[in-house]
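Thank you all for making time this morning. I would like to walk you through a structure that may be new to most of you, so please have the picture open while I talk.

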Protein chains: 2
Amino acid sequence: MNIILASTSTLFGGEYLEYLREELIKLYEGIDEVIFIPFARPGGISFDDYTAKVQSFFETINIKVKGLHEFEDKIEALNNAKAYFTGGGNTFLLVKTLHEENLMSVLKQNIENGKPYLGCSAGSNIGGQNMKTTNDMPIVYPPSFNCMGLIPFNINPHYLDPNPELKHNGETRETRIKEFLTQNDLKVVGLREGSWIRKVGDKITVEGSELTRVFEKDKEPYEIEPGTEL
Amino acid sequence: MNIILASTSTLFGGEYLEYLREELIKLYEGIDEVIFIPFARPGGISFDDYTAKVQSFFETINIKVKGLHEFEDKIEALNNAKAYFTGGGNTFLLVKTLHEENLMSVLKQNIENGKPYLGCSAGSNIGGQNMKTTNDMPIVYPPSFNCMGLIPFNINPHYLDPNPELKHNGETRETRIKEFLTQNDLKVVGLREGSWIRKVGDKITVEGSELTRVFEKDKEPYEIEPGTEL
């Protein structure tokens with residue numbers, strides 16, 4: 001396998017995908033076209049505009065981009081593709097669309113056969129075992145929360161440390177993930193913005209500029225350094 | 001109908017339910033026993049301990065509390081009850097339990113027949129049309145997102161204004177609710193902590209100390225004063 005699952009597409013104050021430039025050149029080595037999956041986007045911009053935004057980054061690394069929404073037969077388009085990128089947005093909407101159009105398992109199979117995959121945010125959530133650790137609002141009801149399971153754990157993207165100054169009784173991110181662990185026995189990797197999961201063959205590491213917080217059932221959460229194997 | 005749907009159980013720095021004391025005396029007038037529904041609680045404390053916490057507030061207003069989890073026949077317990085309170089926790093877990101045990105419709109019917117109901121946080125979410133505007137993490141998969149529909153709109157509890165100082169690319173609450181409105185044509189009432197919905201007969205008002213932010217499809221969000229009819 002050859003994948004990147006990133007916490008975010010854009011660092012605060014940065015340009016779209018810019019912080020991942022060197023990594024993406026390696027991920028997509030020898031590839032001249034990528035299929036972009038825009039289905040997480042619930043509004044604001046159209047699938048065409050979202051794809052155009054992706055194109056304007058990818059043309060700087062000499063890769064063409066086609067939006068999956070442009071194809072009549074999306075299963076065929078996935079099977080014919082050379083590589084993939086799934087952008088962020090709402091994970092419920094993304095998972096619902098992928099399941100309803102029978103695309104989740106087709107995408108999984110192609111990636112497991114070695115085609116490069118980049119996911120950002122919602123696009124990273126679907127690389128995990130299921131979407132039960134997304135931060136998104138459940139604006140639609142997917143037929144299942146199961147995802148591709150490209151890695152043997154779940155990701156919590158945009159992981160955010162508690163803010164001790166906030167005078168508010170909503171749950172912190174850490175509380176939410178601990179609630180997940182009362183109902184599920186599955187490791188959760190809290191990826192701070194600027195971090196990503198890299199899988200090459202069977203080797204999985206966490207990369208980027210930040211420490212990563214890992215949550216496991218009946219264990220205290222712990223921090224791991226960039227480069228640590230998972 | 002005679003209900004309160006509150007944003008939170010506890011104000012920052014306050015005691016459990018304390019800010020609602022005078023309202024609860026009115027809500028439960030003539031009632032000496034309330035059934036407490038603890039099923040939102042995913043861990044941390046047991047259903048018994050959660051019920052004990054509720055009891056220690058309610059005894060100060062001379063009302064006995066029984067936890068619904070204590071009854072073998074929960075449907076019968078709901079039908080025999082005089083009044084209800086559903087506490088906060090995880091809305092996915094609460095909705096899953098209520099649907100799987102066929103309690104959602106029984107509770108709805110009893111409340112529509114006039115029995116007093118208090119919901120806080122997750123317990124307020126289930127008073128709305130569906131749970132698609134919860135802030136909670138989807139730690140379990142409910143058989144449906146539909147809720148009791150005691151009011152003709154959805155609630156977003158613990159509504160939180162954007163923090164302009166946060167250097168983070170996760171979605172704001174307002175962005176999330178606007179995403180909901182791209183997929184659903186249903187009013188969303190963003191209840192800040194310290195606010196609640198009061199329904200007496202057919203009259204629905206928003207109450208408390210804060211302005212309330214209302215979101216509707218194809219409209220700019222707007223603020224309403226305490227006492228405004230909805």
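In this predicted model, chain A holds an open sheet of seven strands with mixed pairing, and the order of the strands is β3-β2-β4-β5-β1-β8-β9. The edges are taken by β3, residues 64–67, and β9, residues 203–208, of chain A; each has a single partner strand, so one side of each is left without a neighbour in the sheet. From one strand to the next, the twist averages 20 degrees.

If you look for β1, residues 2–6 of chain A, you will find that it runs parallel to β5, residues 117–120 of chain A, and that four bridges join these two strands. Which residue in β5(A) is the bridge partner of A:Ile3? The partner is A:Tyr117. As a general reminder, strands of a sheet pair through backbone hydrogen bonds, either parallel or antiparallel. Packed on this sheet is helix α5, residues 104–112 of chain A, which touches β1, β2, β4 and β5 of chain A, and the direction of helix α5 makes about 130 degrees with that of β4(A).

Let me turn to the other sheet I want to show you. Four strands of chain A form an open sheet in the order β6-β7-β10-β11, and here too the pairing is mixed. At the edges stand β6, residues 154–159, and β11, residues 222–224, of chain A, and because each has a single partner strand, one side of each is left without a neighbour in the sheet. The twist in this case averages 30 degrees from one strand to the next.

Within this sheet, β10, residues 212–215 of chain A, pairs with β11(A) in the antiparallel sense over three bridges, and A:Arg213 has A:Glu223 in β11(A) as its bridge partner. Helix α7, residues 173–183 of chain A, packs on the sheet and touches β6, β7 and β10 of chain A; its direction makes about 170 degrees with that of β6(A).

Now to the two chains together. Chain B can be laid on chain A with an RMSD of 0.0 Å by a turn of 180 degrees and a shift of 0.0 Å along the axis, which is the relation of a two-fold axis. The same surface serves both copies, in that 100% of the contact residues of chain B recur in chain A.

What about empty space inside the model? The count comes to one cavity of 30 Å³ or more, and the largest cavity has a volume of about 50 Å³. Its lining includes A:Gly170, A:Glu171 and A:Arg176, and also, among others, B:Asn125, B:Asp136 and B:His158. In chain B, α6 and β6 each supply at least two residues of that lining, and the lining residues divide into two nonpolar, seven polar and three charged.

Finally, a word on one residue, B:Tyr19, which is found in the loop between β1 and α1 of chain B. Leaving aside neighbours within four places in sequence, B:Tyr19 is in contact with several residues, including B:Ala6, B:Leu11, B:Gly194 and B:Trp196. The C-alpha atoms of B:Tyr19 and B:Leu211, which lie 192 residues apart along the chain, are separated by 16 Å.

Terms used:
Residues numbered from 1 in each chain as written. Chains lettered and ligands numbered in written order. Predicted model: local features only at pLDDT ≥ 70, side-chain atom pairs only at ≥ 80, totals over all residues. Heavy atoms only, no water. Least-squares fit on C-alpha atoms with pLDDT ≥ 70 in both. Contact = heavy atoms within 4.5 Å. Pairing = 2+ DSSP bridges. Axes fitted to C-alpha atoms, helices over the stretch in contact; angles between N-to-C directions. 1 Å grid on protein atoms, 1.4 Å probe; cavity = no way out; pocket = protein on both sides within 12 Å on 5 of 7 lines; lining within 4 Å. Points joined across faces, edges and corners; volume = space filled by probe spheres on them. Nonpolar A, V, L, I, M, F, W, Y, C, P; charged D, E, K, R; others polar.
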